[in-house]
Amino acid sequence: MTTVSLRKQNTRLPPEVNRVLYVRNLPFNITSEEMYDIFGKYGAIRQIRIGCNKDTKGTAFVVYEDIYDAKQAVDHLSGFNVANRYLIVLYYQHAKMSKKFDQKKNEEEVAKLQEKYGVSTKDK
């Protein structure tokens, strides 16, 4: 009901608000059905992607059909307790996520160059 009132008022949303949510601190054994039960209460969901690799376990992306539904989910589910873990629900920000991956790529490139030219960063 609050979503409808937000739309009627034509409220201006902050620039970081979008339909894609990044969820952290999930239980490793959570199922997609449980995710739909938790996040589906706030609106129609287009897609849920749960991390399954070593690096992505405990994280997920939730894509809503409507931006106001995503805002409702963030407002209500940040800090929500699931299996004795408190969820961290954030708006997905491409620029911040790509910086993390660029940093990893740069570190790997530096390591390759150090190996190629026999440079060591260890103190002698």
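## Exercises on a predicted model

In this predicted model, the side chains of Arg46 and Glu65 form a salt bridge, with 3.0 Å from N to O.

**Exercise 1.** Determine which parts of the chain the pair Arg46 and Glu65 links, and classify the exposure of each residue.

*Solution.* Step one is to place the residues. Arg46 belongs to strand 2, whereas Glu65 sits in the loop between strand 3 and helix 3; the two are 19 residues apart, and the pair links distant parts of the chain. Step two is to apply the cut-offs: a residue is buried under 20% relative accessible area and exposed over 50%, with partly exposed in between. Arg46 has a value of 49% and is therefore partly exposed. Glu65, with 39%, is partly exposed as well.

**Exercise 2.** The structure holds two salt bridges. Describe the one between Lys71 and Asp75.

*Solution.* The side chains of Lys71 and Asp75 meet at 3.0 Å, N to O. Both residues lie in helix 3, four residues apart, which is about one turn of the helix. In an α-helix there are 3.6 residues a turn, so residues three or four places apart point the same way. As to exposure, Lys71 is buried because its relative accessible area is 19%, while Asp75, at 46%, is partly exposed.

**Exercise 3.** State whether helix 3 is mostly covered or uncovered, and give its part in the largest nonpolar core.

*Solution.* Eight of the 11 residues of helix 3 are buried, so the helix is mostly covered. Among the buried ones are Tyr68, Ala70, Val74 and Leu77. The core itself has 21 residues; Leu21, Val23, Met35, Phe39, Val62, Tyr64 and Val89 touch the most other members. Strand 1, helix 2, strand 2, strand 3, helix 3 and strand 6 each supply at least two residues of this core. Helix 3 gives the most, with four residues. Just after helix 3, Gly79 takes a positive phi of about 90°.

**Exercise 4.** Locate Ile30 and list its contacts beyond four places in sequence.

*Solution.* Ile30 lies in the loop between strand 1 and helix 2. With a relative accessible area of 10%, Ile30 is buried. Leaving out residues up to four places away in sequence, Ile30 touches Met35, Ile38, Ile50 and Val82. Ile30 and Gly58 are 28 residues apart in sequence, yet their C-alpha atoms are 8.5 Å apart in space.

**Exercise 5.** Identify the contacts of Val23, leaving aside neighbours within four places in sequence.

*Solution.* Val23 is in contact with Phe39, Gly58, Thr59, Ala60, Val62, Leu87, Ile88 and Val89.

Terms used: Residues numbered from 1 in each chain as written. Predicted model: local features only at pLDDT ≥ 70, side-chain atom pairs only at ≥ 80, totals over all residues. Heavy atoms only, no water. Core = buried A, V, L, I, M, F, W, Y, C linked by side-chain atoms within 4.5 Å. Buried < 20%, exposed > 50% of the residue type's maximum accessible area, 1.4 Å probe, protein only. Contact = heavy atoms within 4.5 Å. Salt bridge = Lys/Arg side-chain N within 4 Å of Asp/Glu carboxyl O.
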